[in-house]
Amino acid sequence: MAGLSIFDISGRAMSAQLVRMNATASNLANAGSVAGSANEAYRARKPVFATAFDEALGPERATVDAVDVVTSGAEPTKRYEPGHPLADKEGYIYEAAVDETAEMVELLEASRQYQNNVEVLQTAKQLMLGTLKLGQ
């Protein structure tokens with residue numbers, strides 16, 4: 001990767017934030033879901049980010065990439081409900097390991113980061129147009 005422009009940097013950062021928002025939306029959609037065993041219960045998904053440096057300029061110019069989405073290690077909540085249709089033979093159901101409050105904060109932060117990058121792109125575009133007008 002050589003010669004990252006401001007558009008490359010912001011575009012890749014926006015793409016990474018989109019992965020983050022999608023994972024968070026999936027977590028929120030599955031919050032409160034139950035299963036008949038701990039293995040079947042939904043576990044929150046989290047994106048893994050890596051810094052991507054511009055080979056030509058080194059650490060002075062970098063962006064971020066979403067390299068993977070991993071499953072959280074949080075254990076599902078075990079609840080005794082013997083009358084539930086998904087209850088195991090001991091009468092337990094397992095609720096998804098999703099902290100809805102933390103996920104909402106994550107979604108808010110990801111959307112703000114995305115919006116920040118949109119503003120960077122808009123500012124860069126305005127500066128480039130202004131520079132072109134100077135040459136007229």
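E75 forms a salt bridge with R43, and their closest N and O atoms are 3.2 Å apart. E75 sits in the loop between β3 (58-71) and β4 (77-80), while R43 sits in the loop between β1 (34-35) and β2, so the pair ties together parts that are 32 residues apart in sequence. The model is predicted. The points below cover its salt bridges and then helix α2.

**The E75 and R43 pair**

- E75 counts as exposed because its relative accessibility is 57%, and exposed means over 50%.
- R43 counts as buried because its relative accessibility is 16%, and buried means under 20%.
- This salt bridge therefore links an exposed residue, E75, to a buried one, R43.

**Salt bridges around R79**

- Side chains of opposite charge can pair when their charged atoms come close.
- R79 forms a salt bridge with E81, with 2.8 Å between the closest N and O atoms.
- R79 also meets E95 in a salt bridge, at 2.4 Å from N to O.
- R79 belongs to strand β4 and E95 to strand β5 (residues 92-95), so this pair ties together parts that are 16 residues apart in sequence.
- R79 is partly exposed, with a relative accessible area of 31%.
- E81 is partly exposed as well, with a relative accessible area of 29%.
- For E95 the relative accessible area is 22%, and this residue is also partly exposed.

**Network and total**

- R20, E106 and E109 are joined into one network by salt bridges that share partners.
- The count of salt bridges comes to seven.

**Helix α2**

- Helix α2 covers residues 100-134, which is 35 residues.
- From its first C-alpha to its last, α2 reaches 51 Å, close to the 51 Å expected at 1.5 Å a residue.
- At the start of α2, a side-chain oxygen of D99 comes to within 3.2 Å of the backbone nitrogen of T101.
- E103, A110, N117, V118 and A124 are buried in α2.
- The buried residues of α2 pack against two elements, α1 (6-30) and β2 (45-54).

Definitions and conventions
Residues numbered from 1 in each chain as written. Predicted model: local features only at pLDDT ≥ 70, side-chain atom pairs only at ≥ 80, totals over all residues. Heavy atoms only, no water. Helix = DSSP H or I, 4+ residues; strand = E, 2+ residues; numbered from the N terminus. Expected span 1.5 Å × (residues − 1). Buried < 20%, exposed > 50% of the residue type's maximum accessible area, 1.4 Å probe, protein only. Contact = heavy atoms within 4.5 Å. Polar contact = N/O pair within 3.5 Å; in protein donor to acceptor, adjacent residues only side chain to side chain. Salt bridge = Lys/Arg side-chain N within 4 Å of Asp/Glu carboxyl O.
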